[in-house]
Amino acid sequence: MAASSGIIILHLFLISVICQCFHASSSRTIISELQILPTNNNILTTTSDKSINTKKEFHGMSLNGHSSSSSNMDHQMDLAMNLFFTINDLKPGNNMSVYFSIKNPLNSPHFIPKEEADSIPFSSAQLPYLLNYFSFSEESPQAKAMGETLKHCESKPLEGETKFCATSLESMLDSAGAVFGSNTRLKVLTTNHLTKPRVELQNYTISGRVKEVSARKIVACHSLPYPYAVFYCHSQESDHKLLKVLLVGDDGGRVEAPAMCHMNTSQWDPSHLAFRALKTKPGESSVCHFFPADNLIWVPSSSALK
Ligand SMILES: *[C@@H]1O[C@H](CO)[C@@H](O)[C@H](O)[C@H]1NC(C)=O
Ligand SMILES: *[C@@H]1O[C@H](CO)[C@@H](O)[C@H](O)[C@H]1NC(C)=O
Ligand SMILES: *[C@@H]1O[C@H](CO)[C@@H](O)[C@H](O)[C@H]1NC(C)=O
């Protein structure tokens, strides 16, 4: 069932907000030869091998004053209220409150080269070895986050879904390429803060025309907490629309954001948070969401903007 795609998005989002406990070191190299990448995208950087950072600090993230340990329903509900909307909300001049997490991309874990990633085991069965390798104790928040990330990556795809986890940029491109067919040239869409973001939650006005990216297939990649960059990527054969929206915040901040709208929610779990947030039922309305700034949305480069 396509039932839980929104839940997964929310869950991934929560775990990456809650454990911002892996830090990149300062050394980084921009992969400039990849023409497909937007020039101002800080996510797509890679580091040399010695720089996988294993700092033990844990920065408990607080959302609306909640502590990092509270992933309770109220907290999820607060977040869901600002995560989900319907396609009808995407009208020029409309106002909506949106939560965009502010993460300093320089502090996020960076991609490591494929050869290096391939030399490090990546499985739950190897977790004790990995904790030792990265010097994390079993009870640490990092250990918990790594365990969850590995579990996510090992879970079966939903019906009609293609999924993979990428532990390097090269493997992400290879696997995304395989989803589209290997000769397809790809481009990436990301949430792009055109001005320096200052607040995480605020009201935005939709500015200008909302454009649709006409791509039959879309591969969405969500970052997962890990000592180096790991992305969970998935593609669904369901009825969806990918839109490009320009948002202007109450503070004047401008954000160019892709929005994913799931158009047919008839098979979704009725208890999905999106329905509670939108006060609708499965099949009654579309469910849309934006993406955190470090997510990567791959589409064929030939996709037209309508
Ligand atoms: C949205 O907010 C802006 C600025 O606060 C305001 O000028 C505008 O009238 C609002 N639009 C709607 C549709 O409420
Ligand atoms: C957004 O606008 C609504 C209505 O004007 C207001 O009640 C709400 O507090 C605002 N939210 C934020 C986060 O500023
Ligand atoms: C939505 O999906 C269901 C089951 O997959 C299908 O029966 C229904 O016709 C679809 N609705 C629309 C409006 O396409």
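Select Asn192 to begin: with 15 C-beta neighbours inside 10 Å, this residue counts as partly exposed, because that class lies between the 12 or fewer neighbours of an exposed residue and the 20 or more of a buried one. The model on screen is a predicted one. Asn192 belongs to strand 7, which covers residues 192–193. If neighbours within four places in sequence are left aside, Asn192 is in contact with Val255 and Glu256, so add these two to the selection. Then pick the C-alpha atoms of Asn192 and Pro292, which are 100 residues apart along the chain and yet separated by 9.5 Å in the model.

From Val255 and Glu256, extend the selection to strand 12, residues 254–262, which is joined by four bridges to strand 13 in the antiparallel sense. One pair to display here is His262, whose bridge partner in strand 13 is Val287. Strand 13, residues 287–290, also pairs with strand 3, residues 84–85, and this antiparallel pairing runs over two bridges. To see it, show Phe85 together with Cys288, its bridge partner in strand 13.

Next, hide these strands and bring up the open sheet of five strands, which has the order 5-10-9-14-6 and antiparallel pairing. Strand 5 (161–166) and strand 6 (186–189) stand at its edges, and since each has a single partner strand, one side of each is left without a neighbour in the sheet. Looking across the sheet, you can follow a twist that averages 25 degrees from one strand to the next. At one edge, strand 5 runs antiparallel to strand 10, residues 230–236, and six bridges join the two. Within this pairing, select Cys165 and then Tyr232, its bridge partner in strand 10. Now add helix 5, residues 141–154, which packs on the sheet and touches strand 5, strand 9 (219–224) and strand 10. The direction of helix 5 makes about 30 degrees with that of strand 10.

Keep strand 9 in view and select Cys221. Not counting residues up to four places away in sequence, Cys221 touches Ala166, Met172, Phe231, Tyr232, Cys233, Asn295, Leu296 and Trp298. Cys221 is also one of the residues with the most contacts inside the largest nonpolar core, which has 63 residues. The others in that group are Phe84, Phe231, Cys233, Ala274, Ile297 and Trp298, and colouring them together with Cys221 gives a view of the core that can be compared with the contact list above.

The ligands come next. Around ligand 1, select Gly93, Asn94, Asn95 and Thr205; this shell divides into four polar residues, with no nonpolar and no charged ones. Which residues lie around ligand 2? They are Ser97, Leu201, Gln202 and Asn203, and this second shell divides into one nonpolar, three polar and no charged residues. Strand 8, residues 201–214, supplies the largest share of the shell around ligand 2, namely three residues.

Finally, zoom out to the whole protein chain, in which there are seven helices and 15 strands. Of its 306 residues, 37% count as buried. Among contacts with a separation of 6 or more, 77% are accounted for by residues 24 or more positions apart.

Methods:
Residues are numbered from 1 along each chain as its sequence is written. Chains are lettered from A and ligands numbered from 1 in the order in which they are written. This is a predicted model: local features need pLDDT of at least 70, side-chain atom pairs count only at pLDDT 80 or more; totals for chains, interfaces and linings use all residues. A residue is near a molecule or strand if its C-beta atom, placed from the backbone, lies within 6 Å of it. Ala, Val, Leu, Ile, Met, Phe, Trp, Tyr, Cys and Pro count as nonpolar, Asp, Glu, Lys and Arg as charged, and the others, Gly among them, as polar. Two strands pair if DSSP finds at least two bridges between them. Axes are lines fitted to C-alpha atoms, for helices over the stretch in contact, and angles run from 0 to 180 degrees between N-to-C directions. Two residues are in contact if their C-beta atoms, placed from the backbone, lie within 7 Å. A nonpolar core is a set of buried Ala, Val, Leu, Ile, Met, Phe, Trp, Tyr and Cys residues joined through C-beta atoms within 7 Å.
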